[in-house]
Amino acid sequence: MARIFFNGQAMAGGPFHHSVSDALIGPVRTAPGYRFFSIGDVCPGLLPAPGADTAIEGELYDVDLEHLRDVILPGEPRELELGVIELADGSACLSMVLARGELEKGVHREITTYGGWRAYLATLGRTA
C-alpha cells in the first residue's frame, strides 16, 4: 500500500474518483512550500517551492502499488510525474507533481492563490 495525495480529478466528485474511492483516507493539506498550476484547466500541477508559504488542499488515499502502477499512473498527463511531498502534519507521501521542465515552458497558469483545485474551478463556474 502507498499513501498518495490527490489534488485534482481523482478527488471526491471528480471524474476519476471512482477508481480510488475505496482508498480514501480523508481531506488533508500539504505543508507550506508549494505552488499550484492549472494545466489547460483540465488538471492541476503541484510544484514544490522551498521558501513559499502556501499550502494546497487535497485528499489522502492509501492505494495498492499495483493499482498505482496499472491504473493511476498510465492515466496521468505527461505534464505530471510521481514525486514525494510533505503534508501539513510533517509526514511524507506520494503525489503527482509538475514534471521537470514544465514550469520553464511558461504555458501553465499559476493558481496558487486559490489554495486548491475546487476553489479554482469555482471561478470558472465548474465543480470537481
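Student: Let's start with C93: buried or exposed?
Tutor: C93 counts as buried, at 4% relative accessibility. Here, buried means under 20% relative accessible area, exposed means over 50%, and partly exposed lies in between, using a 1.4 Å probe and protein chains only.

Student: And what sort of model is this?
Tutor: This is a predicted model, where local features need pLDDT of at least 70 and side-chain atom pairs count only at pLDDT 80 or more, while totals for chains, interfaces and linings use all residues. Residues are numbered from 1 along each chain as its sequence is written, and side-chain values use heavy atoms, with hydrogens and water left out.

Student: Back to cysteines, then. How many disulfides are there?
Tutor: The count is zero, taking a disulfide as a pair of cysteine sulfur atoms within 2.5 Å.

Student: Why is C43 not bonded to C93?
Tutor: The closest cysteine sulfur to that of C43 belongs to C93, and at 18 Å it is too far for a bond. C43 is buried too, with a relative accessible area of 9%.

Student: OK, new topic. What's in the largest nonpolar core?
Tutor: That core has 26 residues, and F6, V63 and I85 have the most contacts inside it. By nonpolar core I mean a set of buried Ala, Val, Leu, Ile, Met, Phe, Trp, Tyr and Cys residues joined through side-chain atoms within 4.5 Å.

Student: Which elements give two or more residues to this core?
Tutor: They are β1 (2-6), β3 (34-39), β5 (57-63), α1 (65-72), β7 (92-98) and α3 (117-123). β1 gives the most, with four residues. The element names come from DSSP runs numbered from the N terminus: helices are H or I with at least four residues, and strands are E with at least two.

Student: What does V63 touch?
Tutor: Not counting residues up to four places away in sequence, V63 touches M1, A2, I4, V20, A23, L68 and I72. Contact here means heavy atoms within 4.5 Å. Apart from the 26-residue core lies another core of seven residues, including F37, L80, M96 and L98.

Student: M96, nice. What stands opposite it?
Tutor: L82 stands opposite M96, which is in β7. Strand β6 (residues 80-86) pairs with β7 in the antiparallel sense over seven bridges; strands pair if DSSP finds at least two bridges between them.

Student: And where is G90?
Tutor: G90 is in the hairpin of β6 and β7, which has five residues between the strands, and G90 takes a positive phi near 90°.

Student: Switching to aromatics: how many pairs are there?
Tutor: There are three aromatic pairs. One of them is Y114 with Y120: their ring centres are 5.3 Å apart and their planes at 65°, so the pair is edge-to-face. The rule takes rings of Phe, Tyr and Trp (its six-membered ring) with centres within 6.5 Å; planes under 30 degrees apart are stacked, over 60 edge-to-face, and the rest tilted.

Student: Which residues form the aromatic cluster?
Tutor: Y114, W117 and Y120 form one cluster. Y114 is partly exposed, with a relative accessible area of 37%, whereas Y120 is buried at 1%.

Student: Anything from β3 touching W117?
Tutor: F36 and S38 do. F36 lies in β3 and is buried at 0% relative accessibility; leaving out residues up to four places away in sequence, its contacts include P44, I56, I111 and W117. S38 is also found in β3 and is buried at 2%; leaving aside neighbours within four places, S38 contacts C43, H108, R109, I111, W117 and Y120.

Student: What does the S38 side chain join in a polar contact?
Tutor: A polar contact of 2.7 Å joins the side chains of S38 and D41. A polar contact is a pair of N or O atoms within 3.5 Å; within protein, one must be able to donate a hydrogen and the other to accept it, and residues adjacent in sequence count only if both atoms are side-chain atoms.

Student: Last one: where is H17?
Tutor: H17 is in the loop between β1 and β2 (24-29). H17 counts as buried at 14% relative accessibility, and its side chain makes a polar contact of 3.1 Å with that of Y61. In β2 itself you'll find P27, which is exposed at 76%.
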